[in-house]
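Here are some short exercises to work through with the model open beside you. Try each task before reading its solution.

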Amino acid sequence: METAKIGEAPLAGRKRTSSQTRDHLRAVLFLLPAWVLLLVFFFGPILLTFYFAFTNMSLTGEASQQLEFVGMANFSAIFSDPNFMTSIVNTLVFLVFSALIGQQALGLILALLMNNRSRTFRRMIGALVLTGWVTPEIVVAFIFFAFFSDSGTLNTLLGTVGMEPVKWLYEYPMTSVVIANIWHGTAFSMLVYQAALGGVPKEVEEAAMIDGASAWQRLWRITLPMIKGSVVTNMVLISLQTLGLFTLIFALTGGGPGVQTETLPVFMYHQAFVSFQLGYGTAISLILLLIGMIVSMVYIRLLKVKI
Amino acid sequence: MNKIRFKTQMTGKALPYLVLSLIGVAFVVPLLWMVFASLDANANLALKLPEQITLNNFKEIVTSPDNQRAFLNGILLSLGQSVLVVIVAGLAAYPLSRYQLRYKSPFMYLILFATCLPITAVMVPVYQLFVYLNLQDSFIGTMVFLTSASLPYAIWMMKNFMDSVPLELEEAAWVDGCSIWKAFRVIVAPLMLPGIFTVGIFTFAGSWGNFFVPFILIQSPEKLPASVSIYQFFGSYGLVEYGKLAAFSFLYTMPAVLLYMLGQRYMSEGFNFHGAAKG
C-alpha cells in the first residue's frame, strides 16, 4: 500500500516519509526520560523479581556473598511453609471482608442513600467519609489503635452500656484491621457509585415506580443491572488496592498476634527484611505480583478502552 | 388508614437521613479522638472532651528539631517527586497525544497495566537493586524511584489532558515560525495547567502518605520523611504520650487533607479515568 503510493507520487511520498522519520525521532526524544526511568526502576525490578525468586539471595551469611541459582527451592519451601498458607488465607479474608463486601456494600449504600438527599447533608456525610480516605494509612493505623485498644474509645463506649472490655487487637485482630480498612477505603467505592448512579436516567426508575415496582425491586431489577459495569470495575480496582496494602496492617497489628493478620505483603516484608531471606521474600513478591498481573489483565479486558 | 400511610411515608423519608447520620457518626468518632487528644493535656486512648485545653502537644511537636527536619524532608521528597513526575510525564504525553506512532497502542496498554500493579510487590527486588547500584539510603535515589513508580498513572492522565488541548493553536504557532519545543512550552504547557496541577497535587498527596517506600529505602534518621519518623515516634513514645502522638498525626494529616480539597476542583476530570468503564 505504502509502496504503491510512493510509486504514484514519488516526491510527496518521500516528503511524508522524511517528516514521519523526524516525528519519530522527536517522539523518541520526548519519551526518552520516561522510558529510562520506567525501564530501570519499574520494569527492571519486575524482571528482577522473576530472577531473584529463583536464587538463594540473602542479606547475611554466605549467601549474601554469592548469589546462587536454586531453581524451585524457594517455591517448594514456600508451599510447605504453613505460614504461607495462613498468609494466603489471611489475604483472602482481608480482601473479601474489607474490600469486596465492606467497602463495596457501604460505598453502594452511601451512594444510594445520598442520591436525591439535600445537597448540604450529602456533602457533609460525603466529606466525613472522604476524610477517612485522605488520611494517610499510618495515621489510620494510629487512630484505630486508639479506637480498639484496651482502654480505648470502643471499650469505653461499650462500658457505658455495661459491657465488659474486650481486647480487640488480640482477640479479634482480623476484624479490627478489616474495620480500619473499611473506614479508610469506602470513599473510593462511594465516589465510583455516585458517579455511576448519576448516569442512571431518572425516567427509567420513575416508569418502574408507576408500574408499581417496590423500592427493592427497582434496586435489584433496574438500578443494579444498569450500573453492573461500574460494580465490576470497582471490584477489580479495590481488589488491587487491597492486595498491595501493607502500612495499615503493619502499623496496627504488625501481622500479629502471631501470624493472625499476616497478609502476603506483611509476610513478604518479614521474610525479606526481618529474617533477611531476600530470595525467599522475592519468591513471595513474585506470587503477589502474578496475582496482581492477572487481576490487572482482567481489569484491562473489562475496561475495553480505545487507545 | 390515612394516618398509617402518612406514618410510613414519614419513616420512608426519615430513614435514609437516620442511616446516613449513623454512618457519619461512625466515620467521625475514630477521627475525633485525634482532634480531642491533640488538644488535651492529659490525653489517653479513649475519646473524651479535653478537661484542660492546651496547645502544648502541638508546641512540643513543632519545636522539636527532629520533627522539623522530618517535615522538611517529607516536603522535599514529595515536592521533588511531583515536579519530576509532571515534567517527565508531560514530555512523554506529548508525542503520545500528538503523533501517529506505531507502538502507541501497545505502549499505552503497558502503561495502563503498570498503573494497576501493586508496587508493594516489587519492593524486595527494588531494595536489592538499590544495594547493587549503591543507592541505598539515598534521598535522591528514593525520589527517583518514587517518580518512576507514579509515572504510569501520570502519563495516562497527562495524555488524556493533552488530548483535550486543541491542535490548531499549536499549528498556528508553527506557521508563525515557532519550533516544536517552543510551542510545547509556550502554548501547550500553559493550556495544560489544570492537568499539571491535578497530577502534581495527587502525586504530592500520595507521596506524602507513602510509608513503605522510604521505610525500606532510607535508613539514616536525618534523611527520613515525616511518614516514617511518625512511625518511629509511635514506636518510642506513642504508648505513653498520646497527646503528642495525636498532635503529630494531626499535623501530618493536614497537608494531605488540604491538598485533596485543592485537588478536588479537578477531581471530576481526573476521575474519568476510572469512570471510563461505566456501563
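**Exercise 1. Find which residues of chain A the UniProt annotation "transmembrane region" covers, and work out how much of residues 28-54 and 272-300 is helix.**

Solution. Start with the record: the unreviewed UniProt entry places "transmembrane region" at residues 28-54, 92-113, 125-148, 168-193, 231-252 and 272-300 of chain A. Next, turn to the predicted model. Residues 28-54 of chain A are 93% helix and 0% strand, and their end C-alpha atoms are 35 Å apart. For residues 272-300 of chain A, the helix share is 90%, again with 0% strand, and the end C-alpha atoms are 31 Å apart.

**Exercise 2. Describe how α12(A) packs with α15(A).**

Solution. Begin with the geometry: α12 (residues 228-243) and α15 (residues 278-303) of chain A have axes 10 Å apart and an angle of about 160°. Angles over 145 degrees count as roughly antiparallel, so α12(A) is roughly antiparallel to α15(A). The crossing of these two helices is left-handed. Now look at the residues that meet: among them are A:Val232, A:Val236 and A:Leu240 from α12(A), and A:Leu288, A:Ile291 and A:Val295 from α15(A). Sorted by class, this contact has 10 nonpolar, four polar and no charged residues.

**Exercise 3. Classify the packing of α3(B) and α6(B).**

Solution. First, the axes of α3(B) and α6(B) come within 6 Å and cross at roughly 40°. The two helices are therefore oblique to each other. Their crossing is right-handed. Finally, the residues in this contact comprise 17 nonpolar, seven polar and two charged.

**Exercise 4. Analyse the side of chain B that touches chain A.**

Solution. Count the residues: chain B gives 72 to the contact and chain A gives 78. Then ask where those of chain B sit: elements that give two or more residues include α1 (2-38), α3 (65-98) and α6 (139-163) of chain B. The largest share, 13 residues, belongs to α1(B). By class, this side of chain B has 57 nonpolar residues, 14 polar ones and one charged.

**Exercise 5. Decide where in chain B confidence is lowest and where it is highest.**

Solution. Take the whole chain: pLDDT averages 86 in chain B, and 90% of the residues score at least 70. Going by elements, α12(B) has the lowest mean, 76, while α10 (residues 212-217) of chain B has the highest, 95. Residues 269-279 of chain B stay under 50, and the model has 22 contacts beyond four places in sequence for them. For the complex, the predictor gives an ipTM of 0.87 and a pTM of 0.87.

Conventions
Residues are numbered from 1 along each chain as its sequence is written. Chains are lettered from A and ligands numbered from 1 in the order in which they are written. This is a predicted model: local features need pLDDT of at least 70, side-chain atom pairs count only at pLDDT 80 or more; totals for chains, interfaces and linings use all residues. UniProt positions are given in the numbering used here, feature names are shortened, and annotations may be inferred rather than shown by experiment. Helices (H or I, at least four residues) and strands (E, at least two) are DSSP runs, numbered from the N terminus. Ala, Val, Leu, Ile, Met, Phe, Trp, Tyr, Cys and Pro count as nonpolar, Asp, Glu, Lys and Arg as charged, and the others, Gly among them, as polar. Axes are lines fitted to C-alpha atoms, for helices over the stretch in contact, and angles run from 0 to 180 degrees between N-to-C directions. Angles under 35 degrees count as roughly parallel, over 145 as roughly antiparallel, 65 to 115 as roughly perpendicular and the rest as oblique. A crossing is left-handed if the near helix is turned anticlockwise from the far one by less than a right angle, and right-handed if clockwise. pLDDT is the predictor's confidence in each residue, from 0 to 100. Two residues are in contact if their C-beta atoms, placed from the backbone, lie within 7 Å.
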